[in-house]
Amino acid sequence: MAQRVGQKVKLSSIDELLGVPSTEGTVDLDVMTIYPFENHPFKVVDDEKMDELVESIKESGVLTPVLVRPDDEGTYEMVSGHRRLHAAKRAGLRKIPAIIKEMTNDDATIAMVNANMQREEILPSERAFAYKMKLNAIRSQGQRRDLTSVQVEQKLSGKTSRERIAEEMGSSAVQVSRFIRLTELIPKLLNMVDQKKLALSVAVEISYLNHSYQEWIYEYIHENGMIKQEQLIDLRPYREDDSLTQEMMIDILIQKRATPQTHKKITFNERKLNKYFPAYYSQTQIEKILIDFCEEWKRTHESEE
């Protein structure tokens, strides 16, 4: 096996690497010896922020070392630092400061996702595939027998893998599941979600249909404009059925779109409201409370679906 540069760092956990900035054990690696993480879900693009990072590196160098893991060929897989590496190459650097860490595939996946989820702007597609990769890694860890005491405690905590991800990401298990559903979309529809041309709720509904049906829906949107979730409800029976034709689908979508929406009006007289609200509450206060209750009901209803 080829001789590697520097001494590998021995740290007690990945959290130490990601949670506490440190340059201890940093070595300078040739940028050409580092390759991207396999199936890295986060895009590295040459936008204005990348230009700013390149200029910063030209002026001050790479201040935060990247995290890599070694392979058996004398090269390294990037775990955290894809944008820094790309900017360093654009800035003309031949070497970059790095921390070398021996990691399993599952540990490396979790570390990669955790590090990149700290970014300010994350596309829905990036979040979707990152959640899915982390979910698979956590499940794989649960099947291993070489877990640390902390991992065993987490395993016995009674939380599902989705709940663990949600807690760590400051989200909900329902929302994590919704994002993971996006990985079932064809690329053209997923790109529309990233471009905010397709609502998340609509995209999740479409994701349950096979790819041929999704292609027809994409054509329909391209020719007829935005589609609403209500138009997709009657397609649910075809989630596990391939008997639907494109003509049948178009008829369903058009018929649902043409169905007039009934306007609902609900009123509460003062006597009814006084049963629940103190007399000194203003109309504005009561309306706000009722709206908050409706929002909570909506979240609960979506989680049940």
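How close do the axes of α7 and α8 come, and at what angle do they cross? They come within 8 Å and cross at roughly 105 degrees. This is a predicted model, in which local features need pLDDT of at least 70 and side-chain atom pairs count only at pLDDT 80 or more, while totals for chains, interfaces and linings use all residues. Residues are numbered from 1 along each chain as its sequence is written, and side-chain values use heavy atoms, with hydrogens and water left out.

**The chain as a whole**

- The protein chain has 15 helices and 5 strands; these are DSSP runs numbered from the N terminus (helices H or I, at least four residues; strands E, at least two).
- Of its 305 residues, 36% are buried, where buried means under 20% relative accessible area, exposed over 50% and partly exposed in between (1.4 Å probe, protein chains only).
- Taking contacts (heavy atoms within 4.5 Å) between residues at least 6 apart in sequence, 72% join residues at least 24 apart.

**Nonpolar cores**

- The largest nonpolar core has 50 residues, and Leu 182, Leu 198, Ile 217, Ile 227 and Leu 235 have the most contacts inside it.
- Helices that each supply at least two residues of this core include α4 (105-116), α5 (124-142), α9 (187-194) and α13 (246-258); α5 gives the most, with 7 residues.
- A nonpolar core here is a set of buried Ala, Val, Leu, Ile, Met, Phe, Trp, Tyr and Cys residues joined through side-chain atoms within 4.5 Å.
- Leaving aside neighbours within four places in sequence, Leu 198 is in contact with Leu 189, Met 192, Val 193, Ala 203, Ile 206, Ile 221, Met 226 and Ile 227.
- Apart from the largest core lies another, of 19 residues, among them Met 50, Ile 57, Val 66 and Val 68.

**How the helices pack**

- Axes are lines fitted to C-alpha atoms, for helices over the stretch in contact, and angles run from 0 to 180 degrees between N-to-C directions.
- α7 and α8 are therefore roughly perpendicular to each other; angles of 65 to 115 degrees count as such, with under 35 roughly parallel, over 145 roughly antiparallel and the rest oblique.
- At this pairing, Arg 162, Glu 163, Ile 165 and Ala 166 in α7 meet Ala 173, Val 176, Ser 177 and Ile 180 in α8.
- α5 and α7 pack with their axes 9 Å apart, at an angle of about 125 degrees, which makes α5 oblique to α7.
- Residues of α5 including Tyr 131, Leu 135 and Ile 138 meet a set in α7 that includes Ser 161, Ile 165 and Met 169.

**Helices α9 and α3**

- In α9, the buried residues are Leu 189, Leu 190, Met 192, Val 193 and Asp 194, and what covers them includes α5, α10 and α11.
- Lys 196, just after α9, takes a positive phi of about 60 degrees.
- In α3 (residues 82-90), His 82, Leu 85, Ala 87 and Ala 88 are buried, packing against β2 (34-35), α2 (48-60), β4 (76-80) and β5 (95-100).
- Gly 92, just after α3, takes a positive phi of about 90 degrees.

**A buried acid in α4**

- Asp 106 is found in helix α4 and is buried, with a relative accessible area of 14%.
- The side chains of Asp 106 and Ser 140 are joined by a polar contact of 2.8 Å. A polar contact is a pair of N or O atoms within 3.5 Å; within protein, one must be able to donate a hydrogen and the other to accept it, and residues adjacent in sequence count only if both atoms are side-chain atoms.
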